[in-house]
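Trainee: I am new to this structure and would like a close look at a single part of it, the salt bridges. Could you take me through them slowly, with some words on the whole chain before that?

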Amino acid sequence: MSDGHEHNGHENVPSRQRRRFPGISSRTYEHPADRSALVALRKLSGFDTVFKALSGLLPERSLRLLFLSDSVRVSDQQFSHLNVMLRDACYILDLEKVPPMYVSQDPQPNAMCIGLDEPIIVVTTGLVELLDEEEMRAVVGHEAGHALSGHSVYRTILLFLTSLAVRVAWIPLGNLAIMAIVTGLREWFRKSELSADRAGLLVGQDLQASMRGLMKIAGGNHLHEMNVDAFLAQAEEYEAGGDLRDSVLKILNVLPRSHPFTTVRAAELKKWAESRDYQRIMDGHYPRRDEDKDTSVRDSWRESANHYTTHVKSSKDPLMKLVTDLAGGAGDLGDRVRRGFGGFANPAQKPPRGPETPGPSDSPGDDRPPRDDS
């Protein structure tokens, strides 16, 4: 637990009844989809070329000067309550160096961790004004998690490619290749947000505060009008609702986004908080940074593969159900394809059948969603 002693330059750390994680590795909280998406991104054709080119071109010094000149740097004298949270987060996650943090004037609630050589944390005034202390603590822990995981490098390149795409058009890969890399970066970054949400929970150690913060980001500062259980029920409805057309629309809706949908983040975080893995971490059993060099890439891939297999099997999404049916050789698949996309609708939403005589594929239970064994 934090004891107020100086550690790694983190002086004046407040005494808090929160567990501290000395030497914690980012592998502790990284979502399996985060790791596998990043590996897939690095294997994307042309990514190494673009990454190396942009690493030398990105004006990081200019970026730092921009925030220094046009934002408010968090310190003991400015936004001191955020400074306390930042030092506390770095102390809990045992970061070797406290990243600079800035508050930027923007009514849109947002936060980010960027930078190539050293991470910088930026939060907007909209977010500071929206969240209470414990909710904000989870956000600061979220960004500290990005810093510990080294996400800031890829986040910076994503920002550069999406906002200044015209300036990199001369790279001999073509616009289509650039957009493929942007799409890959977005897919990875959405998964990295799930990892950082876990880091935020490890710092705040208050699941309800994390849930409240996500609800406020979705619905504004109207907690008296919102309910956590109802909010999580939205995620369940989103996951299971509709037919195959809705599954395709979900993919199209999420492609341009840098973050997963808020209800999905809340459901994922709650599931992890209730897992044995989280309890083991809180009991002090977690991977250490000094063990990272001995980590097996094969084991990481196996963990990611197991995660996706479990996700597909337990998912109630019609598209994921189709994948399961294809893998399992479902007997009624041909009939459902002949009936069109409506054949993959959620059973609860399917229209009543006509008077035709039911065939073998219409036996009870054939269209039930897969059982959740997780």
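Mentor: Among contacts in the protein between residues at least 6 apart in sequence, those joining residues at least 24 apart make up 74%; please keep in mind that this is a predicted model. The protein has 16 helices and 4 strands, and 45% of its 374 residues are buried.

Turning to the salt bridges, the structure holds 12 of them. One is formed by Arg-137 and Asp-88, whose closest N and O atoms are 3.2 Å apart. This pair links distant parts of the chain, since Arg-137 sits in helix α6 (residues 133–149) and Asp-88 in helix α4 (residues 80–92), 49 residues apart. Arg-137 is buried, with a relative accessible area of 0%, and Asp-88 is buried too, at 1%. Both residues also belong to a network of salt bridges that links them with Arg-18, Glu-133 and Glu-134.

Helix α6 also holds Glu-135, and Arg-212 lies in helix α9 (residues 207–219), so their pair ties together parts that are 77 residues apart in sequence. Their side chains meet at 2.8 Å, N to O; Glu-135 is buried, with a relative accessible area of 1%, whereas Arg-212 is partly exposed, at 22%.

A further salt bridge, at 3.3 Å from N to O, brings together the side chains of Glu-118 and Lys-97. Glu-118 lies in the loop between β3 (111–114) and β4 and Lys-97 in the loop between α4 and β2, so this pair ties together parts that are 21 residues apart in sequence. Here Glu-118 is partly exposed, with a relative accessible area of 36%, and Lys-97 is exposed, at 54%.

Terms used. Residues are numbered from 1 along each chain as its sequence is written. This is a predicted model: local features need pLDDT of at least 70, side-chain atom pairs count only at pLDDT 80 or more; totals for chains, interfaces and linings use all residues. Side-chain values use heavy atoms; hydrogens and water are left out. Helices (H or I, at least four residues) and strands (E, at least two) are DSSP runs, numbered from the N terminus. Buried means under 20% relative accessible area, exposed over 50%, partly exposed in between (1.4 Å probe, protein chains only). Contact means heavy atoms within 4.5 Å. A salt bridge is a side-chain nitrogen of Lys or Arg within 4 Å of a carboxyl oxygen of Asp or Glu.
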